[in-house]
Every structure is written in C-alpha cells, then in structure tokens.
Amino acid sequence: MLGALIFDVDGTLADTERDGHRPAFNAAFREAGLDWEWDESLYGELLEVTGGKERIAHFVARHRPEFAMLPDYAERVAALHKAKTRHYTRLAASGAIPLRPGVAHLLAEARAAGLRLAVATTTTPENVSALLVPALGPDAMTWFEIIGAGDVVPSKKPAPDIYLWVLERLGLPASACLAFEDSENGLKSSLGAGLATVVTPCDYTRGQDFAGATAVLENLDGLALPRMQKWVSGAPTAV
Ligand code: XBP
Ligand code: MG
C-alpha cells in the first residue's frame, strides 16, 4: 500500500543546476575575488559530487590545489558556500526557476488522495523553500511532512542516509513509499534505502546508468496514482 512519495529536489522537482546553482556558485566566487568560473561543461563534471561544499572542495582538489593549503581553508569553503546560498535563494525566490512538467499536478493529486509527501535532498534547506514557495504558494512547505535536506546526515547521496533519515521520521517501511530522482547518484541513494524509484532524467543526467529504477520517464506529466500504487506493490522489501 502506497503511503508516501519522497522527492529529490534538484533536477527532479525543477531543473535547478545549470541556471540556478551554477550561476550562484560563480557569483560567490566573483564576490570573493576568485577567478573561478564554472562553465556548463565543467559544472556537468563537478555534479559527480553532490552537495555544494563538497563540490567546491572537489573542484579545489582537482583544479586549485594551492587553495586547499590555506590555513583557513575549511572556513573559506564554508563562507563561499554561504554566499552561494544567498545568491541561489535570491534567484529562486524571484520565481525564475519553474517546476518541471507534471510536478505541481502530481503533488496536488497526491495530497488530494491523502498520500504523505516528503523531500530527500542534498541541498541546503533554505534552497528548498526558496524554490517551492514561488511555484506552489505560501503554504508550500506545509505540503511536505518531512524535509530531509543538506547536512542533517553526514554522508550525502549516493549514500542512502538521507532516505533512511526520511523513512525513519515518516515511520514507514521503504516498501510503502515511492522515491523520485533524476540522477544516478540519487538513484543509488534511494535504492540503497530499499525504495522503488521513478527516475526523470534532466539535461545533465540523461545517459547515466539508471539500472534498478522502477521506471525511467521523460517527466512526471500524466503520471497517475494507480500506476504508482502498482509499482509499489511489486517493490523491494524494506531494509
Ligand atoms: C543536488 C546537489 C546539490 C546542489 C547544491 O543533488 O548536488 O548539491 O547542486 O546544493 P541531489 P547546495 O539532487 O542529488 O540532491 O549548494 O545547497 O549544497
Ligand atoms: Mg537530483
């Protein structure tokens, strides 16, 4: 019996990376006087690592190793990420990042049917509300019973921790839930938590390996509840 839907945010609810997170990182770098510029192609490579702080550290290790030698390196990364979050939330709150096709309808239909909704994302919590409130209205955050976001777990996707964290708080077995993801890292995370998972790839993730997904769809447009219900009845058992 399907009890809850658990959504990834970036790439799944909205196409946030190329024109949302990426320019926000670049604005933070410029503001700090750094000559770092993440173009679309480099950003695609950096997406291999989830989490903004982790992504900056990954870039530094590969492309600016001298920066990691600075005595206050960790503080600098944290400050860059804080500035990036300020830029991202400002952009998202302006309504500049629309939801992907079918998302708003699916959320409304699920709510009307009494399904519980949750979020499992590596992004920072304030980014989630900055994105969802302009798209869904002022009470958008009340639609989601549990918001698993950012640093609430030490290991980000592809580790299963964030999904396990959400499942524990929902008080449901994985077999009663359906996850929605857009990336291989996200899918590994949800599968690791034992969740049947629908993947809707986005521009950056199309072509990745989605083995193990219950369904791979172009987007969520037209996805009806009975179909989801059926997927969950054949889902792997809880871990
Ligand atoms: C999303 C991410 C996030 C954002 C940046 O991954 O990788 O790190 O790009 O967010 P997923 P923060 O969709 O798999 O959750 O800078 O707020 O960490
Ligand atoms: Mg994602």
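Student: Which helix gives the most to the shell around ligand 1?

Tutor: To read a shell, go through its residues and see which element each one belongs to. In this predicted model, H1 gives the most, with 3 residues. Helix H1 (17-31) has company, though: helix H3 (52-63) and helix H4 (73-93) also supply at least two residues each.

Student: And which domains does the shell draw on?

Tutor: Same trick, one level up: sort the residues by domain. At least three come from domain 1 (4-15 + 98-233), and at least three from domain 2 (17-93).

Student: Which residues come nearest to ligand 1?

Tutor: There are 18 residues around the ligand, and Gly-52, Arg-55, His-81, Lys-84 and Thr-124 come nearest.

Student: What does the shell look like by class?

Tutor: Here you count residue types. The tally is 10 polar, 6 charged and 2 nonpolar residues.

Student: Where should I look for polar contacts to the ligand's oxygen atoms?

Tutor: Look for N or O atom pairs within 3.5 Å. Try the side chain of Glu-17, where an N or O atom is 2.8 Å from an oxygen atom of ligand 1. Thr-122 takes part through its backbone instead, with an N or O atom 3.0 Å from a ligand oxygen. Then there's Lys-157, with a polar side-chain atom 3.3 Å from an oxygen atom of ligand 1.

Student: How much of ligand 1 does the protein cover?

Tutor: For that, you take the ligand's accessible area on its own and ask what share the protein hides. Ligand 1 has 450 Å² by itself, and the protein covers 97% of that.

Student: Where does ligand 1 sit?

Tutor: Check the pockets: ligand 1 is in the largest one.

Methods
Residues are numbered from 1 along each chain as its sequence is written. Chains are lettered from A and ligands numbered from 1 in the order in which they are written. This is a predicted model: local features need pLDDT of at least 70, side-chain atom pairs count only at pLDDT 80 or more; totals for chains, interfaces and linings use all residues. Side-chain values use heavy atoms; hydrogens and water are left out. A residue is near a molecule or strand if one of its heavy atoms lies within 4 Å of it. A polar contact is a pair of N or O atoms within 3.5 Å; within protein, one must be able to donate a hydrogen and the other to accept it, and residues adjacent in sequence count only if both atoms are side-chain atoms. Accessible areas come from the Shrake-Rupley method with a 1.4 Å probe; for residues, only the protein chains shown count as cover. On a 1 Å grid over the protein atoms alone, a cavity is a set of points where a 1.4 Å probe fits but cannot get out, and a pocket is an open set with protein on both sides within 12 Å along at least five of seven lines; lining residues have an atom within 4 Å of a point. A molecule sits in a cavity or pocket if more than half of its atoms lie within 2 Å of its grid points. Helices (H or I, at least four residues) and strands (E, at least two) are DSSP runs, numbered from the N terminus. Ala, Val, Leu, Ile, Met, Phe, Trp, Tyr, Cys and Pro count as nonpolar, Asp, Glu, Lys and Arg as charged, and the others, Gly among them, as polar. Domain bounds come from an automatic or database domain assignment.
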